[in-house]
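Please open the structure in your viewer and keep the selection tool at hand. This tour goes from one selection to the next and says what to look for at each stop.

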Amino acid sequence: YAKGYDWRSDQARESVKCSLVVYVDGSPVMKVPASREDEISADADMHRIIDGNLYTDYATGSETVIKKNGQILFRYDAPELISDIIVQDGDVFTLGEDRSGQGFSLRKNGDVLVSREKGSLVSPLRMDGDSLCFGFCEPIRTVTGTVDRYYAVYGRNVTNLSLREDLKKVWDVTVINGKVVSLAALQAVAQPVIIDGEDIRALDVAEGLTMLSGSMFMLDG
């Protein structure tokens, strides 16, 4: 920021000129302008380093703008909060939630692959081999009211996890070697469980405690 500007309170947010600087081992290697005019935000959750390149996302009132090293890659007509970006063979995949709080889309270079007008994400965008995977929840109206339905997306295939009638909630879902694995709550089990195909393992959670959130990651198989 310019000398003398109080960047902590940032009262001139996005209207003031500043620079986004990438350092490697303490030395600056890239500097790009950031402001509303430049369509690059200073917010830390709106820029990422992927394979040595700086990817930024920015939402205007009606669009989302994706840039690489300060240069525009693509833009599309939907103001989204980008959850994840994965770059594969030169293609940029984005998983974003609508800033209205309802709906999301998985896109390839800005083009929609999977989307819902209602619903929310329950897991990040991950890779299983060469295929993308993530999970989402969608509210469905029934004769008894609105219930949540949980789904896993693998490539372009969408699997309904709520075909299990005893499924209450899913905190996280991924795909490992083509098989869906979820962290969930079942009606007849007091503890959260990991559902790995036909195998169900209950987590060792002390009595009286309730899981508020959870996520999984792979470590040595």
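The stops below cover two sheets, two buried residues, a cavity and a pocket. Keep in mind throughout that this is a predicted model.

**Stop 1: the sheet S7 to S10**

Select strand S7, residues 80-88, and then add S8, S9 and S10. These 4 strands form an open sheet in the order S7-S8-S9-S10, and their pairing is antiparallel. Which strands stand at the edges? They are S7 and S10, the latter covering residues 111-116. Each has a single partner strand, so one side of each is left without a neighbour in the sheet. On average, neighbouring strands here are turned by 15° against each other, with direction ignored.

**Stop 2: the hairpin of S9 and S10**

Stay in this sheet and select S9, residues 104-108, together with S10. The two strands run antiparallel, and 5 bridges join them. Two facing pairs can be picked out. Ser105 stands opposite Ser115 in S10, and Lys108 stands opposite Asp111 in S10. Now select the turn: S9 and S10 form a hairpin with 2 residues between them. Asn109, in that turn, has a positive phi of about 55°.

**Stop 3: Gln88**

Go back to S7 and select Gln88, which has its place in that strand. Is Gln88 buried or exposed? Its relative accessibility is 18%, and it counts as buried because the cut-off for buried is under 20%. Show the side chain of Gln88 next: it reaches the backbone oxygen of Asp130 at 3.2 Å. Apart from neighbours within four places in sequence, Gln88 is in contact with Phe93, Met127 and Asp130. Asp130 thus appears in the contact list of Gln88 as well as in the pairing with its side chain.

**Stop 4: the sheet S16 to S19**

Select S16, S17, S18 and S19. This is another open sheet of 4 strands, in the order S16-S17-S18-S19, with antiparallel pairing. At its edges are S16 and S19 (199-202), each of which pairs on one side only. From one strand to the next, the twist averages 20°. For a view inside the sheet, select S17 and S18, which run antiparallel and are joined by 4 bridges. One pair to label is Ala184 with its bridge partner in S18, Val193.

**Stop 5: Asp172**

Select Asp172, which is placed in strand S16. At 1% relative accessibility, Asp172 counts as buried. A polar atom of its side chain lies 2.7 Å from the backbone nitrogen of Met216. Leaving out residues up to four places away in sequence, Asp172 touches residues including Val122, Arg126, Val181, Leu183, Gly214 and Met216.

**Stop 6: the largest pocket**

What is the volume of the largest pocket? About 420 Å³ of space lies in it. Among its 18 lining residues, select Ile176, Val181, Met216, Phe217 and Met218, which are the closest to the centre. Then colour strands S12 (126-128), S16 (167-176), S17 (179-186) and S18 (193-196): these are the elements that give two or more residues to the lining. Val181 and Met216 have come up before, as residues that Asp172 touches.

**Stop 7: the cavity**

How many cavities of 30 Å³ or more does a search of the whole structure find? The search finds 1. The volume of the largest cavity is about 70 Å³. To see its walls, select the residues that line it, including Tyr1, Asp10, Arg13, Cys18, Ala34, Ile40 and Asp43.

Conventions:
Residues numbered from 1 in each chain as written. Predicted model: local features only at pLDDT ≥ 70, side-chain atom pairs only at ≥ 80, totals over all residues. Heavy atoms only, no water. Buried < 20%, exposed > 50% of the residue type's maximum accessible area, 1.4 Å probe, protein only. Polar contact = N/O pair within 3.5 Å; in protein donor to acceptor, adjacent residues only side chain to side chain. Contact = heavy atoms within 4.5 Å. Pairing = 2+ DSSP bridges. Axes fitted to C-alpha atoms, helices over the stretch in contact; angles between N-to-C directions. 1 Å grid on protein atoms, 1.4 Å probe; cavity = no way out; pocket = protein on both sides within 12 Å on 5 of 7 lines; lining within 4 Å. Points joined across faces, edges and corners; volume = space filled by probe spheres on them.
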